[in-house]
Structure formats: structure tokens, C-alpha cells
Amino acid sequence: MSSLNLTAASLQLFTTFCREAEDWNGQPLIELETKAQQGNLTDLVSKDLIDVVEEGKCSFAVFTAAGRQMALEIGYEIEEGF
């Protein structure tokens with residue numbers, strides 16, 4: 001597993017994005033319910049696992065090369081985004 005030292009909550013959010021990526025052409029919609037999740041999202045961005053792309057009023061998670069590699073390590077294959 002990656003040595004990025006993610007918290008359990010950040011890893012859970014990352015895993016959610018991985019699961020939802022298939023339904024969103026590899027770029028899942030970001031739907032955060034708490035300020036803590038916002039912090040977890042910031043953690044994922046700061047560790048270069050995802051980028052956030054905004055389109056209108058929606059935000060999407062775009063996996064970086066490091067994020068796609070980590071996804072593979074936990075059992076998800078994410079294709080390179082647009």
C-alpha cells in the first residue's frame with residue numbers, strides 16, 4: 001500500500017471516489033456532507049492523489065497518476081481522465 005499516510009477518513013473518501021469513478025467516466029462528482037470531508041478532500045489534493053475540476057456548480061474528482069496508482073493498489077482501475 002502507498003506510504004502517503006492517509007487518515008482512515010481520507011482513505012475512505014478516496015475509496016468512495018474510486019467506487020463511483022466507474023459511473024462518472026473516471027471523474028466522480030464530489031458530494032461532501034461535512035466540514036471533515038472537506039478536510040479529507042484537501043488532504044487528497046495536497047498529497048497529489050486527485051485534482052478538483054469545477055464545471056458550473058458541480059465539482060469533480062480527477063485522479064492524478066499517483067491517484068490512479070494508489071487506486072490500483074486497493075483494487076480499482078481508473079482510466080486516465082480527459
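These numbered points describe a predicted model, moving from its core to its helices, strands and loops.

1. The core. The largest nonpolar core of this model holds 16 residues. Those with the most contacts inside this core are F14, F17, L41, L44, L49, I50 and F63. At least two core residues come from each of α1, α2, β2 and α3. The biggest giver is α1, which supplies five residues. As a general point, nonpolar side chains in soluble globular proteins tend to be buried together.

2. F17 in the core. Which residues does F17 touch, leaving out those up to four places away in sequence? The list is P28, L29, I30, L41, L44, I50, A61 and F63. Of these partners, L41, L44, I50 and F63 are also named among the residues with the most contacts inside the core.

3. F63 in strand β2. F63 belongs to strand β2. Is F63 buried or exposed? Its relative accessibility is 4%, and because the cut-off for buried is under 20%, F63 counts as buried. Beyond four places in sequence, F63 touches F14, F17, C18, A21, G26, P28, L49, I50, R68 and I78. One of these partners, G26, is 37 residues away from F63 in sequence, yet the two C-alpha atoms are 7.8 Å apart in space.

4. Helix α1 against helix α2. The first helix named here, α1, spans residues 8-21, and α2 spans 35-46. Their axes lie 9 Å apart and the helices pack at an angle of about 80 degrees. Angles of 65 to 115 degrees count as roughly perpendicular, and α1 and α2 therefore stand roughly perpendicular to each other. On the α1 side the contact uses A9, S10, L13, F14 and F17, and on the α2 side Q37, N40, L41, D43 and L44. Sorted by class, this contact has six nonpolar, three polar and one charged residues.

5. S10 in that contact. S10 sits in helix α1. With a relative accessibility of 1%, S10 counts as buried. Apart from neighbours within four places in sequence, S10 is in contact with N40, D43 and L44. Those three partners also appear on the α2 side of the contact between α1 and α2.

6. Helix α1 against helix α3. How do the axes of α1 and α3 cross? They come within 11 Å and cross at roughly 90 degrees. This crossing makes α1 roughly perpendicular to α3. L11, F14 and C18 of α1 meet G67, M70 and A71 of α3. By class there are five nonpolar residues, one polar residue and no charged residues in this contact. F14 takes part here and also in the contact of α1 with α2.

7. The buried face of α3. Helix α3 covers residues 65-73, and its buried residues are G67, R68, M70 and A71. Why do these residues line one face of the helix? Seen down the axis of α3, they fall within an arc of 165 degrees, so they share one face. In general, an α-helix has 3.6 residues a turn, so residues three or four places apart point the same way. The cover over the buried residues of α3 includes α1 and β2 (58-63). After α3 comes G75, with a positive phi near 100 degrees.

8. V53 in strand β1. V53 lies in strand β1, which runs over residues 50-55. At 38% relative accessibility, V53 counts as partly exposed. Leaving aside neighbours within four places in sequence, V53 is in contact with C58, S59, F60 and V62. V53 and L29 are 24 residues apart along the chain, and their C-alpha atoms are separated by 9.6 Å.

9. Positive phi in two loops. N25 is a residue other than glycine with a positive phi, near 50 degrees. Where is N25 found? It is in the loop between α1 and α2. N25 is exposed, with a relative accessible area of 64%. D48, also not glycine, has a positive phi near 60 degrees. D48 is placed in the loop between α2 and β1. At 43% relative accessibility, D48 counts as partly exposed.

Note on methods
Residues numbered from 1 in each chain as written. Predicted model: local features only at pLDDT ≥ 70, side-chain atom pairs only at ≥ 80, totals over all residues. Heavy atoms only, no water. Helix = DSSP H or I, 4+ residues; strand = E, 2+ residues; numbered from the N terminus. Buried < 20%, exposed > 50% of the residue type's maximum accessible area, 1.4 Å probe, protein only. Arc of directions from axis to C-beta. Contact = heavy atoms within 4.5 Å. Core = buried A, V, L, I, M, F, W, Y, C linked by side-chain atoms within 4.5 Å. Axes fitted to C-alpha atoms, helices over the stretch in contact; angles between N-to-C directions. Parallel < 35°, antiparallel > 145°, perpendicular 65-115°, else oblique. Nonpolar A, V, L, I, M, F, W, Y, C, P; charged D, E, K, R; others polar.
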